[in-house]
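Please examine the structure shown below alongside the explanation that follows. The explanation proceeds from a helix to a sheet and then to a metal site.

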Amino acid sequence: MVQKILAGDIRSIARAITLAENEDYQAVELMRSLYSHTGKAYLVGITGPPGGGKSTLVDRMIAYYRKLDLKVAVIGIDPSSTFTGGALLGDRVRMQAHATDSGVFIRSMGSRGHLGGLAVATADSAKILDAAGYDIIIFETVGIGQSEIEVASQVDTTVLVTVPGLGDDIQVLKAGTMEIADIFVVNKADRDGVEKSVMAIEQLLSTWDMTEDDFVPPILKVTAKDNIGIGELAQAIEQHKKYLHDSGKFEVRRRNRAVTEVHTLILNQLDKWAHDKMTKDITTRDNIEEVYLKFIDPHTVAREALRELELETMWDKWGQGADGGG
Ligand SMILES: Nc1nc2c(ncn2[C@@H]2O[C@H](COP(=O)(O)OP(=O)(O)OP(=O)(O)O)[C@@H](O)[C@H]2O)c(=O)[nH]1
Ligand SMILES: [Mg+2]
């Protein structure tokens with residue numbers, strides 16, 4: 001399977017992603033074999049409010065990159081959906097034109113059951129696609145919560161897509177969401193109020209605490225529907241990529257990503273363990289009832305459970321301020 005993935009075999013890639021999504025033990029083995037073959041693909045995040053035209057934009061970007069003979073993969077991420085192993089309808093419809101192009105891979109993912117599960121699944125999928133020779137990997141996420149910030153930490157360039165009408169009311173997108181943007185796109189520029197949106201973003205940028213060395217996010221007017229502004233967007237992504245390389249931030253970002261990934265994997269496993277512990281032991285052994293009745297306190301029950309992982313001694317250490325409380 002590893003050889004087939006490296007050779008770009010679509011069915012093997014799809015199967016591998018399904019394994020990763022399902023947290024199958026075979027995926028761990030696979031990731032181990034593929035890991036040294038990753039690192040060549042460039043990762044782009046496209047995020048923004050629902051219905052902003054992200055999928056339409058991604059569809060046009062695919063066409064643009066295909067003309068340059070680059071292989072493109074898209075992972076549509078909908079954290080509000082638990083739908084697994086398939087495609088969110090909208091993405092399939094918007095990007096249908098590329099369905100038969102073997103240089104294009106499109107896949108959707110919903111949220112996973114455990115802490116960090118979606119981040120693990122998307123990171124693994126990106127690695128599979130990277131090893132398989134895709135040059136550009138695009139993550140499309142709806143900018144409504146924590147998950148697109150998680151996704152932003154996994155990509156090299158984040159494009160934030162807004163639309164006119166949100167402009168004067170830009171706080172709709174929470175401050176935390178705006179700050180992840182390397183490039184701003186005001187899509188649906190065929191509509192009224194584009195300049196107002198651009199000005200609102202400029203205004204917001206002026207409040208950012210930036211130094212001379214920082215990349216100033218460009219604000220691009222795009223009409224994805226009519227294929228206007230796509231080349232400019234691709235150029236802006238290229239400029240940001242160049243900036244990351246020239247400034248040394250590319251390596252910094254990828255190093256940080258390695259840290260985040262390991263951290264997330266640990267949290268993910270611990271969350272699974274905790275869930276297991278709760279359903280198998282704690283809630284069934286009347287412990288919770290005892291906590292509820294105040295016969296025993298929650299800390300004692302948790303500490304007792306952690307004994308299994310020998311974490312309870314670490315807890316004691318943190319308590320003594322050995323590690324700043326974890
Ligand atoms: N007027 C106008 N409409 C557009 C433009 N780009 C996309 N749309 C329309 O906006 C609607 C939503 O487009 P999508 O591409 O599905 O938007 P999305 O952001 O991917 O939506 P979700 O994934 O559901 O959040 C569709 O009806 C598109 O045809 C544009 O440039 N101008
Ligand atoms: Mg979409």
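This is a predicted model. Consider helix H3, which spans residues 25-34 and has Ala27, Leu30, Met31 and Leu34 as its buried residues. These residues lie on the same side of H3, because they cover an arc of only 100° around the axis. The general geometry of helices helps to explain such a pattern: an α-helix has 3.6 residues a turn, so residues three or four places apart point the same way. The cover over the buried residues of H3 includes helix H1 (2-6), helix H2 (10-21) and helix H6 (117-131). On the face of H3 turned away from its buried side are the exposed residues Tyr25 and Arg32. At the start of H3, the backbone nitrogen of glutamine 26 has a side-chain oxygen of aspartate 24 within 2.8 Å.

The strands may be considered next. Seven of them form an open sheet in the order S3-S2-S4-S1-S5-S6-S7, with parallel pairing. Strand S3 (104-110) and strand S7 (219-221) are the edge strands, each pairing on one side only. On average, neighbouring strands of this sheet are turned by 20° against each other, direction ignored. Strand S1 (residues 42-48) pairs with S4 in the parallel sense over 7 bridges. Glycine 45 has phenylalanine 139 in S4 as its bridge partner.

Which protein donors serve the magnesium ion (ligand 2)? They are Ser55 (OG) and Glu140 (OE), which lie 2.1 to 2.2 Å from the ion. This pair links distant parts of the chain, 85 residues apart: serine 55 belongs to helix H4 (residues 54-67) and glutamate 140 to strand S4 (residues 136-142). Both serine 55 and glutamate 140 are buried.

Notes:
Residues are numbered from 1 along each chain as its sequence is written. Chains are lettered from A and ligands numbered from 1 in the order in which they are written. This is a predicted model: local features need pLDDT of at least 70, side-chain atom pairs count only at pLDDT 80 or more; totals for chains, interfaces and linings use all residues. Side-chain values use heavy atoms; hydrogens and water are left out. Donors are N, O and S atoms within 2.8 Å of the metal (3.2 Å for Na, K and Ca); water is not among the atoms, so sites may look incomplete. Helices (H or I, at least four residues) and strands (E, at least two) are DSSP runs, numbered from the N terminus. Buried means under 20% relative accessible area, exposed over 50%, partly exposed in between (1.4 Å probe, protein chains only). Two strands pair if DSSP finds at least two bridges between them. Axes are lines fitted to C-alpha atoms, for helices over the stretch in contact, and angles run from 0 to 180 degrees between N-to-C directions. The arc is that of the directions from the helix axis to the C-beta atoms. Contact means heavy atoms within 4.5 Å. A polar contact is a pair of N or O atoms within 3.5 Å; within protein, one must be able to donate a hydrogen and the other to accept it, and residues adjacent in sequence count only if both atoms are side-chain atoms.
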